[in-house]
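Please open the model in a viewer and keep the selection tool at hand. The stops below are meant to be followed in order.

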Amino acid sequence: MRIVGLKIEKGLVAASVVQKDFRRTELVDSFSLPFATDAELMGILKERSKDWTGAKIVSSIPGHLFSQRTLTLPFADRKRIEKALPFEVEDLVPFDLGDVVLDHLVLWSATEKKETATPVLCMLLPKTVLRQHLDLLAGAGIDPQAIVPSFAGLSAVANMMPKDTGTLLLCGADVCFRQSGVLKALRSFSIGQPTGGLRHVLQALEIEHQEKVEKAALLIDDGSARAILAEAGVAVDLVIPEINGKKALDPVSLGIALLDDVNFRKGEFAYHLADEGTRRKRRMLIIAAAVAALLFTVNIAVKFSIVRSGYGKLDAEIKEIYRQTFPDGKPAADPVRQMRDKLSEAKKLFGALGSGSSVLDVMKTVTDGIPKEVRVNFTEFVLESDRLKLQGEASSFESVDKIKAELQKSPLFTEVTVLDTRMGVDNKVKFRFDIKLKQGM
């Protein structure tokens, strides 16, 4: 598979193209070019992308446009993390999660370090920024399969570097912080700003991780960064990552091409393949469907007389079944419809659960089961088949235990399970119950 790692930042566009096969990864092309205007950028992208036909394109957005939080979770499975992140981060950010796209990167596996918790870098990107970036690339005829933050490329580059390379890996405005070769932090800073620059990022990382940065590796030579690091007493080496002896002109774009675990193209921004190969397959499918439709029509014409003669016999059998099922009922013009109507009436009469209990009965049972001294606010009540899902807020963990104990006493419920309890920002305990209902009389 050919993969293109594309990095676009203010005044600079860079890309690395790798050929990734089952046993071998090879760097086949790279470039780093300045541009002064959007028109000049479009020209570079249109010219270079001629060689990218059929390749997977991973494009980056400058990391300082992302918000990030580092969380600690008791598991490392990606699907479980994706489900848990919105609940974990909603109280930590000052904006609506509906306005951003959310993804994450596991800094290291808890099982690998024999620890009980996994640090997860949660990243949030405003939808407006993502839409603008996709529109920009669309103007050059590029539809990337994946979108990532620029600093995420350093996580892949860090895996290629020896542990003694340095605590700090720096490439332009992207920073990777390691301790004993273990990835601890990724971020970007704003070049040329009075605050939030490299000096402030360096101080913040040292305070957060309680370790003095003694050695740094520059992946691209930068006189300004050298001066700031020298002023801070940090030894600096120029270290350019390579694959099989080939060095990329922009290491971050190389890391972006090697990145597998992050993609902000999801939901309404999900990638939809629309290349020439897909259009050709679509045309073939349309032709095949037309031929199949013609054969189907011929087949129907041949079988119609046979089916028609058998239909009268089938209709008579259905009416006989109806008569045997409802011997006191009137003869039915449409026995199937009338049997469905009678079944619906029986369900309403007997209850929604098939146990003689209606939804209102379940709600009343839950309400009656709440101890009088417990104050609780239910925020979700979902009844699906024989399962009831409850979500709400209580004043304490003890209150949640009392609610569970009382609900277990109900003859209507066979199992009451607490899925989750956690303290919210308003000092109220948020909880979720999964309750199994008794079926049958």
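The tour begins with the whole chain and then moves through strands, sheets, salt bridges and a surface patch.

**The whole chain**

Display the entire model, bearing in mind that it is predicted. The protein contains 11 helices and 19 strands. Of its 441 residues, 39% count as buried. A surface representation shows an accessible area of about 25300 Å², and carbon and sulfur atoms account for 54% of this surface. Among contacts between residues at least 6 apart in sequence, 58% join residues at least 24 apart.

**The N-terminal hairpin**

Select residues 2–9, which form strand S1. Six of the eight residues of S1 are buried, so the strand is mostly covered. Add residues 12–20, strand S2: S1 and S2 pair in the antiparallel sense over eight bridges. The two strands form a hairpin with two residues between them. In the turn, Gly11 has a positive phi of about 80°. Beside the turn, Glu9 has Leu12 of S2 as its bridge partner.

Next, add residues 56–61, strand S4, which pairs with S1 in the parallel sense over five bridges. To inspect this pairing, centre on Gly5, which stands opposite Val58 in S4.

Remain on S1 and show the side chains of Lys7 and Glu9. They meet in a salt bridge, with an N to O distance of 3.9 Å. Is each partner buried or exposed? Lys7 is buried, with a relative accessible area of 3%, whereas Glu9 is partly exposed at 27%.

**A three-stranded sheet and its helices**

Move to the open sheet of three strands in the order S5-S7-S6, where the pairing is antiparallel. Strand S5 (67–73) and strand S6 (100–106) are the edge strands, each pairing on one side only. From one strand to the next, the twist averages 25°. Select S6 together with strand S7 (residues 118–126) to see an antiparallel pairing over seven bridges. Within this pair, Asp103 stands opposite Met123 in S7.

Now add two helices. Helix H2 (residues 78–89) lies across S5, S6 and S7 and runs at about 125° to S6. Helix H3 (residues 127–139) lies across S6 and S7, at about 70° to S7.

**A five-stranded sheet**

The next selection is an open sheet of five strands, ordered S11-S10-S9-S12-S13, with mixed pairing. Strand S11 (182–188) and strand S13 (235–238) stand at the edges; each has a single partner strand, so one side of each is left without a neighbour in the sheet. The twist averages 20° from one strand to the next.

Focus on strand S10 (residues 174–179) and S11, which pair in the antiparallel sense over six bridges. Here Arg178 has Leu183 of S11 as its bridge partner. Helix H6 (residues 223–231) packs on the sheet and touches strand S9 (168–171), strand S12 (215–218) and S13. The direction of H6 makes about 180° with that of S12.

Show the side chains of Lys215 and Asp237, which form a salt bridge with their closest N and O atoms 3.8 Å apart. Lys215 lies in S12 and Asp237 in S13, so the pair ties together parts that are 22 residues apart in sequence. Lys215 is partly exposed, with a relative accessible area of 30%, and Asp237 is also partly exposed, at 35%.

**Further salt bridges**

How many salt bridges does a search of the whole structure find? The search finds 25. One to display is that between the side chains of Arg422 and Asp420, at 3.9 Å from N to O. Arg422 is buried, with a relative accessible area of 18%, while Asp420 is partly exposed at 26%. Then select Arg78, Glu82, Asp103 and Lys266, which are joined into one network by salt bridges that share partners.

**A nonpolar patch**

For the last stop, return to the surface and select Val359, Leu360, Met363 and Phe381. These residues make a nonpolar surface patch of about 340 Å². Helix H10 (residues 359–368) contributes the largest share of the patch, three residues. Val359 is found in H10; this residue is partly exposed, with a relative accessible area of 34%.

Notes: Residues numbered from 1 in each chain as written. Heavy atoms only, no water. Patch = residues over 30% accessible without salt bridge, like charges linked within 9 Å, V, L, I, M, F, W, Y side chains within 5 Å. Areas by Shrake-Rupley, 256 points an atom, 1.4 Å probe, with all protein chains shown as cover. Salt bridge = Lys/Arg side-chain N within 4 Å of Asp/Glu carboxyl O. Helix = DSSP H or I, 4+ residues; strand = E, 2+ residues; numbered from the N terminus. Buried < 20%, exposed > 50% of the residue type's maximum accessible area, 1.4 Å probe, protein only. Pairing = 2+ DSSP bridges. Axes fitted to C-alpha atoms, helices over the stretch in contact; angles between N-to-C directions. Contact = heavy atoms within 4.5 Å.
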